[in-house]
Amino acid sequence: MKTNKIGFIGGGNMASSLISGLIASGHVPEQIWVSDISPDTLTALKTQLNVNTSVNNDDIINAVDVVVLAVKPQTLSAVAQSIAAQVQQKKSLVVSIAAGINQNSLSRWLGADTAIVRCMPNTPALVLTGATALHANDKVTGEQRDLAENILRSVGIALWVEDEAELDAVTAVSGSGPAYYFLLMEAMEKAALELGLSQETARLLVQQTALGAAKIALESAESPEQLRKRVTSPGGTTQRAIETFEQGGFTELVSKALHAARDRSIEMSKQMENS
Ligand SMILES: NC(=O)C1=CN([C@@H]2O[C@H](COP(=O)(O)OP(=O)(O)OC[C@H]3O[C@@H](n4cnc5c(N)ncnc54)[C@H](O)[C@@H]3O)[C@@H](O)[C@H]2O)C=CC1
Ligand SMILES: O=C(O)[C@@H]1CCC=N1
């Protein structure tokens, strides 16, 4: 059983993924607190996960060892400034999961002495296969680093980056990344229907193929390129499909998309820093 008291401000998609993962990995619901402005969201979390809930953010800070900020980036400035006095008084560790909100802005809103870990998780935390990168400011102690890492590691892998700027790239790769795979799954499912498969068959084949490809990539010592070549018989069906992808500019398009996501993360950080 894990005993750190963890509070979430904002109980939406990402918080509920993290909380479900924490509970599945042995955190007891009694040690988890969530606040949200939506009573319906809190009722659903209470009913489904049996965690403590409150509409009052200050209640959460009083109750816990670590406060996870899980509201939308656009809402974070107001929320952070409204809890700053309490966080400073309690000397709470604050973990922000917001995309595109940098340490400068967080420190400005929460107080220059506040220990802040900024991180970028992803929604597969829900099924304990999350990927998170973390960055600590210089107020975070070794013990607090371990605490933040333990929370995120209980729902998947957790890596530290020393250069905060890397979090913009992490956001583009693994933060947003699940959506890219879902987009490919959507497109493959649609094409499978066009090719005459039933909805049920198409979905199952696409899901199992994604799982199989991810598992083999993780378990094999070979690179994705080598694994791709193993599927691609010369002159066969895969080669025809891969050539079609490449003729359509697939690799360049993926690069362009990830650069756009990275640039958006930087743009959001700058907008918030100047606000
Ligand atoms: N969805 C994702 O895949 C990922 C999201 N993130 C970050 O996680 C954060 C949350 O994103 P989502 O969970 O997707 O958003 P969401 O909209 O599902 O959840 C945000 C929650 O905050 C609540 N809220 C709004 N104002 C509040 C306030 N003043 N006090 C307390 N609660 C308040 C809302 O009612 C909502 O339930 C964002 O900052 C996002 O950048 C990070 C990694 C991945
Ligand atoms: O789309 C977003 O801005 C957030 C951050 C990473 C995933 N979702």
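# Exercises on a predicted protein–ligand model

In this predicted model, D59 makes contacts with S35 and S54 once its neighbours within four places in sequence are set aside. The exercises below begin from this residue.

**Exercise 1. Determine where D59 is placed and whether it is buried or exposed.**

*Solution.*
Step 1. D59 belongs to helix α3, which covers residues 57–63.
Step 2. Within 10 Å of D59 there are 16 other C-beta atoms. A residue needs 20 or more to be buried and 12 or fewer to be exposed, so D59 is partly exposed.
Step 3. For a view of longer range, take P234, 175 residues from D59 along the chain: the two C-alpha atoms are separated by 64 Å. For scale, the C-alpha atoms of the protein fill a box of roughly 70 × 40 × 35 Å along the principal axes.

**Exercise 2. State the strand order of the eight-stranded sheet and explain why one side of β3 and of β8 is left without a neighbour.**

*Solution.*
Step 1. The protein comprises 12 helices and eight strands.
Step 2. The sheet is open, its pairing is mixed, and its order reads β3-β2-β1-β4-β5-β6-β7-β8.
Step 3. β3 (52–54) and β8 (156–160) are at the edges; each has a single partner strand, so one side of each has no neighbour in the sheet.
Step 4. On average, neighbouring strands are turned by 25° against each other, direction ignored.
Step 5. Strand β1 (residues 6–9) runs parallel to β4 (residues 66–69), and four bridges join them; here I6 stands opposite V66.
Step 6. β1 and β2 also run parallel and are joined by four bridges, with G7 opposite W33 in β2.

**Exercise 3. Establish which residues of β2 are buried on each of its faces.**

*Solution.*
Step 1. On one side of β2, I32 and V34 are buried; on the other, W33 and S35 are buried.
Step 2. Both faces of β2 are therefore covered.
Step 3. Helix α1 lies across β1, β2 (32–35) and β7 (130–136), and runs at about 170° to β2.

**Exercise 4. Describe the surroundings of L22 and of L69.**

*Solution.*
Step 1. L22 is found in α1. It is buried, because 27 other C-beta atoms lie within 10 Å.
Step 2. Beyond neighbours within four places in sequence, L22 is in contact with I6, H27, I32, I151, S154 and V155.
Step 3. L22 and L152 are 130 residues apart in sequence, yet 8.5 Å apart in space, C-alpha to C-alpha. Across the protein, 66% of the contacts with a separation of 6 or more join residues 24 or more positions apart.
Step 4. Nonpolar side chains tend to be buried together in soluble globular proteins. The largest nonpolar core here has 58 residues, and V67, L69 and V95 have the most contacts inside it.
Step 5. With the same sequence neighbours excluded, the contacts of L69 include I9, L76, V79, V94, V95 and I97.

**Exercise 5. Characterise the shells around ligand 1 and ligand 2 by residue class.**

*Solution.*
Step 1. There are 27 residues around ligand 1, of which G10, G12, M14, A98 and A99 come nearest. The elements giving two or more residues to this shell are α1 (13–24) and α4 (73–90).
Step 2. By class, the shell of ligand 1 has 13 nonpolar, 12 polar and two charged residues.
Step 3. Around ligand 2 stand A99, T171, G175 and S176. One of these is nonpolar, three are polar and none is charged.

**Exercise 6. Assess the exposure of N50, K91 and helix α11, and comment on the phi angles.**

*Solution.*
Step 1. Most residues other than glycine have a negative phi.
Step 2. N50, in the loop between α2 (39–49) and β3, has a positive phi near 65°. Its 13 C-beta neighbours inside 10 Å make N50 partly exposed.
Step 3. K91, in the loop between α4 and β5 (93–96), has a positive phi near 50°. K91 is exposed, with 10 other C-beta atoms within 10 Å.
Step 4. None of the 11 residues of α11 (residues 237–247) is buried, so this helix lies largely in the open. G249, which follows α11, has a positive phi near 80°.

Terms used: Residues are numbered from 1 along each chain as its sequence is written. Chains are lettered from A and ligands numbered from 1 in the order in which they are written. A residue is near a molecule or strand if its C-beta atom, placed from the backbone, lies within 6 Å of it. Ala, Val, Leu, Ile, Met, Phe, Trp, Tyr, Cys and Pro count as nonpolar, Asp, Glu, Lys and Arg as charged, and the others, Gly among them, as polar. Two strands pair if DSSP finds at least two bridges between them. Axes are lines fitted to C-alpha atoms, for helices over the stretch in contact, and angles run from 0 to 180 degrees between N-to-C directions. Two residues are in contact if their C-beta atoms, placed from the backbone, lie within 7 Å. A nonpolar core is a set of buried Ala, Val, Leu, Ile, Met, Phe, Trp, Tyr and Cys residues joined through C-beta atoms within 7 Å.
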